[in-house]
Amino acid sequence: MIFLVVFGALMLILSAFYLVNSWQQYRQWVVPTIMLVLSLAATVYGTINLPYWHHSQSAQQTTSAASSGSSLSSATGSQADSSSSFSVNGTTAVFNQQDSGATQEQKEMYLLRQLQKAYSKMGTVNYDSDSKTYQIMPTNENTVEALNYIAQNPAQAQQAGWSNLTNSLNQTSKQIKKIVGSGYSLSMMKPNDNQTALYTAKDGKQTYSIVNQ
């Protein structure tokens with residue numbers, strides 16, 4: 001393509017001179033104009049198809065794929081108000097203490113409402129009483145994209161801000177222990193799959209991570 005660009009550029013210059021000369025001396029412009037247009041078209045076509053542009057497109061696609069992982073960070077960072085692009089400044093939920101006279105079931109439901117409020121920008125929160133697990137179901141577009149990227153590319157997890165998210169989940173897990181006691185888990189579920197957890201913490205400590213599998 002580089003030869004086409006060079007040839008087209010030369011012909012473009014010669015055609016321009018030819019057009020000017022023909023008009024000044026013979027008042028003719030049709031043939032020189034046609035040559036000028038064809039030369040311009042050849043130059044533009046050759047330029048567009050240079051390897052440089054294809055390389056740039058590939059680079060943009062690669063950057064786009066990487067940014068989908070990075071977006072994991074910003075997705076959870078926005079949760080800090082109530083508390084990926086995970087900017088993960090983290091989504092650490094902070095709760096008010098429940099009335100000490102409340103029953104255990106009342107504490108569990110109170111905690112569920114608090115978690116739903118804290119993670120409302122990220123997704124929904126359910127409580128599985130059988131396993132004593134609070135499950136975060138991501139629905140935020142950036143978070144879903146980022147978590148799917150992690151699930152498919154666990155080796156890239158750290159670059160995508162995974163540790164920031166897991167640290168914030170561990171901190172939230174500690175808060176849960178203060179409200180309802182020991183033995184309760186907090187899981188970040190795989191998008192659109194309420195049976196598969198990507199990360200689980202219990203009593204402030206990791207018990208499962210897809211990255212370590």
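1. The buried residues of helix α7 are W162, L165, T166, S168, L169, N170, T172, S173, Q175, I176, I179 and V180, and this helix is a convenient place to begin reading the structure, which is a predicted model. Helix α7 covers residues 162–180, that is 19 residues, and the distance from its first C-alpha to its last is 27 Å, close to the 27 Å expected at 1.5 Å a residue. Just after α7, the chain passes through G181, whose phi is positive at about 95°.

2. On confidence, the protein averages a pLDDT of 74, and 55% of the residues score at least 70. Over residues 52–90 the pLDDT stays under 50, although the model has 94 contacts beyond four places in sequence for that stretch; I would ask that any description of those contacts be given together with the pLDDT of the stretch.

3. As to overall layout, the secondary structure comes to 7 helices and 5 strands, and from the N terminus on the elements run α-α-α-α-α-β-β-α-α-β-β-β. Of the 213 residues of the protein, 38% count as buried, while the accessible surface comes to about 12,100 Å², with 54% of that area belonging to carbon and sulfur atoms.

4. Which residues touch the most other members of the largest nonpolar core? In this core of 29 residues they are Y119, Y134, I136, W162, L169, I176 and M188. At least two residues of the core are supplied by each of α5 (104–118), β1 (123–128), β2 (133–138), α6 (141–152), α7, β3 (185–190) and β4 (193–202), and α7 gives the most, with 6 residues. As background, nonpolar side chains in soluble globular proteins tend to be buried together.

5. Within that core, L169 deserves a separate look, as a buried residue of α7 that also appears among the core residues touching the most other members. Leaving aside residues up to four places away in sequence, L169 touches Y119, I136, L186, M188, Y199 and A201. Of these partners, Y119, I136 and M188 are themselves listed among the core residues that touch the most other members.

6. Helix α5 has 15 residues, which should span 21 Å at 1.5 Å a residue, and its end C-alpha atoms are indeed 21 Å apart, so the computed length agrees with the expected one. The buried residues of α5 are K107, E108, Y110, L111, L112, L115 and A118, a list that includes the charged residues K107 and E108; these buried residues pack against β1, β2 and α7.

7. Two C-alpha distances help to place α5 relative to α7. I179 is found in helix α7 and counts as buried because its relative accessible area is 7%, where the cut-off is under 20%; its C-alpha atom is separated by 8.3 Å from that of E108, a residue 71 places away along the chain. Q106, in helix α5, is partly exposed at 43% relative accessibility, and Q106 and V180 lie 9.5 Å apart, C-alpha to C-alpha, although 74 residues separate them in sequence.

8. Turning to the strands at the C-terminal end of the element order, β3 and β4 pair in the antiparallel sense over 6 bridges, with K190 standing opposite D193 in β4. β4 also pairs in the antiparallel sense with strand β5 (residues 205–209), over 4 bridges, and there K202 stands opposite K205 in β5.

9. Each of these two hairpins has a residue with positive phi that can be checked by eye. In the hairpin of β3 and β4, which has 2 residues between the strands, that residue is N192, with phi near 60°, and in the hairpin of β4 and β5, again with 2 residues between the strands, D203 has a positive phi near 55°. N192 is not a glycine, and this residue of the loop between β3 and β4 counts as exposed because its relative accessibility is 76%, where the cut-off is over 50%.

10. Is K132, in the loop between β1 and β2, buried, exposed or partly exposed? K132 is partly exposed, with a relative accessible area of 30%, and its phi is near 55°, a positive value in a residue other than glycine.

Note on methods: Residues numbered from 1 in each chain as written. Predicted model: local features only at pLDDT ≥ 70, side-chain atom pairs only at ≥ 80, totals over all residues. Heavy atoms only, no water. Expected span 1.5 Å × (residues − 1). Buried < 20%, exposed > 50% of the residue type's maximum accessible area, 1.4 Å probe, protein only. Areas by Shrake-Rupley, 256 points an atom, 1.4 Å probe, with all protein chains shown as cover. Core = buried A, V, L, I, M, F, W, Y, C linked by side-chain atoms within 4.5 Å. Contact = heavy atoms within 4.5 Å. Pairing = 2+ DSSP bridges. pLDDT = per-residue confidence, 0-100.
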